[in-house]
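Trainee: Could you walk me through one small part of this model, atom by atom where you can? After that, I'd like to know how that part ties in with the rest of the chain.

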Amino acid sequence: MLVFANPAFLWALTAAAIPLMLHMFQRRRTVVTPFPTLRFLKAAQKRSSSRVRFENFLLWLLRTLLLLMIGFAFALPVLRSTTGGSWLSRTRRDVAIVIDASYSMNYELDRGKVFAVCKDAAVSIVNGLFAGDRVCVYVAADTPIPVIEKPTTEHATVVQAIQALACQHGSSKLDEVVALALRTLEQQDGRREREVYILTDGQALAWQGFRDAPPEDTASGDARFRITREQRDKVSFFALLAGALQPDNACPTDVKVSPALMLAGQTARLNVRVGRTGTAKQVTVAVDIGGQERGRRSITTEADTEAVVDFVLGGLEPGVHVATVTTPLDALPEDDAFQFLIRVRKQLPVLIAGPQDATRYLKAALAPGAADESVKQTEAAELAQIDLRDYQALFLCDAFPLDGQTILRVEEYAKNGGVVVVFPGYRAEVNAYTELKVLPAYPTGTVDVPIDMAARPLKRIPNQEGQVVTFSLPLPPGTVPTVALKRAMTLGELQEGAAVLVTAGDDQPFLTGRAVGRGRVFLFTVGANRESSTFPLTAFFLPVVHQLIRQGAGASVQPPHLTLGAQLPVNEAVPNYRDDDAISMPSGLPLQVKDNGNRAFFIDALTEPGIYTRAKAGAAEPEPVLAVNTDRSESHLTPASADELAEWTGFKKLLNASDPEELLRLIDEHRNGRSLAEVFLWIALLLTLLEWWIANRALRTQTGATEKMQVDLAGKVVTSC
């Protein structure tokens, strides 16, 4: 579209009439003088006047065009690519600025951090707007953040909001933020040009949403984050790719600790993955535990790949240890450290509830020494006063019936990762067991076993596909455990997530198990004393019990680290959480924990990387319970090319800049267009030279008509060509 920045000079185009007026005024009056007939003279005069008229017309045309070109040049013609506005005035705009705030924007350049460069560019964009232009600002993070949600003409307020922005700890989704910004611009009234500015580091990951977006004719995805074809075609998009063209970064991306359940004296093995963006390079990886370096190794990482390095750590004391894996500082220091927790237990504390006669054999097997404090025996009635989260396993030996409050606490304990093992007794009716809703199956009655059928071999049932609770007991070669049954409980149908693990003979269930939440519940069909079987007297009693404790303990071990932004039940991350626990974030602020009903506690989102601590009621000092790290996919800094962005986004008008100066130049060309004044002046110069040449040629002395006439020998007058 052609517009004029100085349209007042268009009045000067009327000067193009001056050559015509001069041409008309300079026409000479012809004086007729009688003269003898000279037929050849008239013929020569006719040819000469035709040439003169043509030369005069050409000179008039050139002089007219010359004045037109000069007038257009002074009117400052501008060729614009936009369709809005008018020929004689500037159009108003609705502008949306999208700033990438992922932690990769903290990459250090020679001119400062990329995020600071983008903020300065955003301020320059706002300062370049006119008074009537409206602007809104959005931040691209894990979820879109509207800073200035509705377009406003209060530019000073927008600048202050931009300057106050801080980089986030997570990743970013540019497609969602751009879609929200476009929806906002569409809702504004008035016919205005719409512009969207995307200020980012050029990392390909942030644009992945555009690349993976479903086709427009499908109804999949959130409608709020859908960009229409009309928006892609009509809106002008600008992208500042301010990051390094060849970024260089190395960081630890993941740590795995084995074994998952560690006891005092065991050796820990760390498997560390190190990611690399850039060319192949040697990287030094160090492990720190409790502020003391415990290992250091150098590895060679290939270009844009991951490498693996292992560490072996021993001599860890019981407790929760804060560990850190580090790589050397580079241009992106936010990802050079990876924190995790190592939990080491002195022993597995066990609580046995039930009368003395029902728990005697079990306590003697688990705690053969009287000084062993890892095993505690109590009466079932005292369970309501005991903090179950202090124990790894709870054995209920002939403990039924239980009151309703105790039933709820046992169920909560199991769901939060505890191990519950039930040895039935015969003091209560079988319907008393149905109150505990987490059992693998509900007893339906008891059966007395004849003496001739008492001896039963214990058989482990093979694990089925998809079975959550498994059981395997290594036996010496040629050994088959056998028990003598006197009385056994019969069971009904298995509950969801339950399985028969061991049978006594071919058809009598002996041990069943069930996964409940993050915990495990096991049910024997015989008691823990000699009244129902000889099982407590066999050599397999202790190995079976220990395996149940360890299997449940392994299943309930909290992960050594979590990812920022995770939404999860508290009992999956915090050991034996209770609603009176106070969990603090690394900044010291309390972590918001919500109860979704039925005492199901959830964390909405982990918003800060670092070590979270828990203060128990009555505890002297808080203990570390969570190690949270950023999602290391954001550390993969491979940039996207301009051609890739055009293909992924499908924007018809997408202008890319690598620095703020280039962006401002593109904005100026887009808003003000390309000036054609210089072009018109060059045309005027060419017309001047052409007019000068033709005018001089016409004024040169030429042979007149009379000079061309000659008299031949016969006396006749002839004209020469």
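Mentor: Start at the backbone nitrogen of F130, which sits 2.9 Å from a polar atom of the D133 side chain. The D133 side chain also reaches the backbone nitrogen of R93, at 3.0 Å. Both are polar contacts (N or O atoms within 3.5 Å, one able to donate a hydrogen and the other to accept it; residues adjacent in sequence count only if both atoms are side-chain atoms).

Before we go on, keep in mind that this is a predicted model, with local features needing pLDDT of at least 70 and side-chain atom pairs pLDDT 80 or more, while totals for chains, interfaces and linings use all residues. Residues are numbered from 1 along each chain as its sequence is written, and side-chain values use heavy atoms, leaving out hydrogens and water.

So where does D133 live? Its place is the loop between α3 (114-127) and β6 (134-140); helices (H or I, at least four residues) and strands (E, at least two) are DSSP runs numbered from the N terminus. D133 counts as buried because its relative accessibility is 2%, where buried means under 20% relative accessible area, exposed over 50% and partly exposed in between (1.4 Å probe, protein chains only). Skip the neighbours within four places in sequence, and D133 is in contact (heavy atoms within 4.5 Å) with T91, R92, R93, T152, T153, H155 and R192. P151 is 18 residues from D133 in sequence, and their C-alpha atoms are 8.9 Å apart.

R192, one of those contacts of D133, is a good lead to follow. The side chains of R192 and D94 meet in a salt bridge at 3.7 Å, N to O; the term covers a Lys or Arg side-chain nitrogen within 4 Å of an Asp or Glu carboxyl oxygen. R192 lies in the loop between α5 (174-186) and β8 (193-200) and D94 in strand β3 (residues 93-100), so the pair ties together parts that are 98 residues apart in sequence. Both R192 and D94 are buried. As a general point, side chains of opposite charge can pair when their charged atoms come close.

Now look at R134 and D189, whose side chains meet in a salt bridge at 3.4 Å, N to O. R134 belongs to strand β6 and D189 to the loop between α5 and β8, so this pair ties together parts 55 residues apart in sequence. The two ends sit in contrasting surroundings: R134 is buried because its relative accessible area is 12%, whereas D189 counts as exposed because its value is 55%. Put it together and D94, R134, D189 and R192 are linked in a network of salt bridges.

How does that compare with the rest of the chain? The structure holds 18 salt bridges. Another one is R111 with E661, where the closest N and O atoms are 3.2 Å apart. R111 is in the loop between β4 (108-109) and β5 (112-113) and E661 in helix α12 (residues 660-672), so to speak distant parts of the chain, 550 residues apart. E661 is partly exposed because its relative accessible area is 49%.

Contacts across long stretches of sequence show up in the totals too. Among contacts between residues at least 6 apart in sequence, 73% join residues at least 24 apart. The chain has 13 helices and 39 strands, and buried residues make up 46% of its 721 residues.

One more buried Asp is worth a click: D398, in the loop between β20 (393-397) and α9, counts as buried because its relative accessibility is 10%. Phi of D398 is near 50 degrees, a positive value in a residue other than glycine. D398 is also among the residues in contact with F423. In that loop between β20 and α9 (404-415) you'll find P401 as well, joined to F400 by a cis peptide bond with omega about 5 degrees. Both features stand out because most residues other than glycine have a negative phi, and most peptide bonds are trans.
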